[in-house]
Amino acid sequence: DAAVGSDARFVFIAALALAPTLGAAGKLVVLDGSCLRTVDLDSTAVGFLSGHCTSPGLTDGAAADARFRSPRAVALSPDDTVVYVADSGNHAIRAVLVTTGAVLTLAGGGGAGGGG
């Protein structure tokens, strides 16, 4: 849901990362439940990036179709164009294009693996 400042509601904030080149003052990318959201640091507007906050799964594709399961960490590419997600519940590393919210699994997704 789109909201501003203290009117925004989150499901479960697991992680966030700063994208300093997005918007006038930068944006925060927020892992919220099973989705990615943004917070504009200038206007404090909260927006949707990708996934479905309360419907987990493992689906690549367009922003509204994509699904994550227990994502726990995010990192941004140096140019802030890609968000990398540690999708813990799917044992996968996922990439999200900031411009469209489209998701692609980069590695994993086949279940838990062993070390060594």
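## Exercises on loops, strands and a disulfide

Leaving out residues up to four places away in sequence, proline 56 touches Ser34, Arg67, Phe68 and Arg69. Keep in mind that you're looking at a predicted model. Let's start with this proline.

**Exercise 1.** Work out where proline 56 sits and whether it is buried, partly exposed or exposed.

*Solution.*
- Step 1: Find the element. Proline 56 is in the loop between β5 and β6.
- Step 2: Check the accessibility. Buried means under 20% relative accessible area and exposed means over 50%, with partly exposed in between. Proline 56 has 39%, so it counts as partly exposed.
- Step 3: Look at a distance. Alanine 45 and proline 56 are eleven residues apart in sequence, and their C-alpha atoms are 24 Å apart in space.

**Exercise 2.** Now do a similar job for valine 11: find its loop, its class of accessibility and its contacts beyond four places in sequence.

*Solution.*
- Step 1: Valine 11 belongs to the loop between β1 (3–4) and β2 (13–19).
- Step 2: Its relative accessibility is 49%, so valine 11 is partly exposed. The cut-off for exposed is over 50%.
- Step 3: Once neighbours within four places are set aside, valine 11 is in contact with Asp32, Gly33, Cys53 and Thr54.
- Step 4: Take Thr54 from that list. Threonine 54 and valine 11 are 43 residues apart in sequence, but 7.6 Å apart from C-alpha to C-alpha.

**Exercise 3.** Cys53 turned up among the contacts of valine 11. Which cysteine forms a disulfide with cysteine 53, and which parts does the pair tie together?

*Solution.*
- Step 1: Apply the cut-off: two cysteine sulfur atoms within 2.5 Å make a disulfide. The sulfur atoms of cysteine 35 and cysteine 53 are 1.8 Å apart, and the two form a disulfide.
- Step 2: Place both ends. Cysteine 35 is in strand β4 (residues 35–40) while cysteine 53 is in the loop between β5 (45–51) and β6 (71–76), so the disulfide ties together parts 18 residues apart in sequence.
- Step 3: Get the handedness. The torsion about the S-S bond of cysteine 35 and cysteine 53 is about 55°, so this disulfide is right-handed.
- Step 4: Check the surroundings. Cysteine 35 and cysteine 53 are both buried.
- Step 5: Count. The total is one disulfide.

**Exercise 4.** Put the five strands of the open sheet in order and pick out its edge strands.

*Solution.*
- Step 1: Strands of a sheet pair through backbone hydrogen bonds, in either a parallel or an antiparallel way.
- Step 2: Here the order is β1-β5-β4-β3-β2, with antiparallel pairing.
- Step 3: β1 and β2 each pair on one side only, and these are the edge strands.
- Step 4: Zoom in on one pair. β4 and β5 are joined in the antiparallel sense over five bridges. Arginine 37 has phenylalanine 48, in β5, as its bridge partner.

**Exercise 5.** Compare the phi angles of threonine 44 and histidine 91, and locate both residues.

*Solution.*
- Step 1: Threonine 44 isn't a glycine, yet its phi is positive, near 65°. Histidine 91 isn't one either, and its phi is positive at about 55°.
- Step 2: Threonine 44 is in the loop between β4 and β5. Histidine 91 is in the loop between β7 (82–87) and β8 (92–97).
- Step 3: Threonine 44 is partly exposed at 35% relative accessible area, and histidine 91 is partly exposed at 39%.

Definitions and conventions. Residues numbered from 1 in each chain as written. Predicted model: local features only at pLDDT ≥ 70, side-chain atom pairs only at ≥ 80, totals over all residues. Heavy atoms only, no water. Helix = DSSP H or I, 4+ residues; strand = E, 2+ residues; numbered from the N terminus. Buried < 20%, exposed > 50% of the residue type's maximum accessible area, 1.4 Å probe, protein only. Contact = heavy atoms within 4.5 Å. Pairing = 2+ DSSP bridges.
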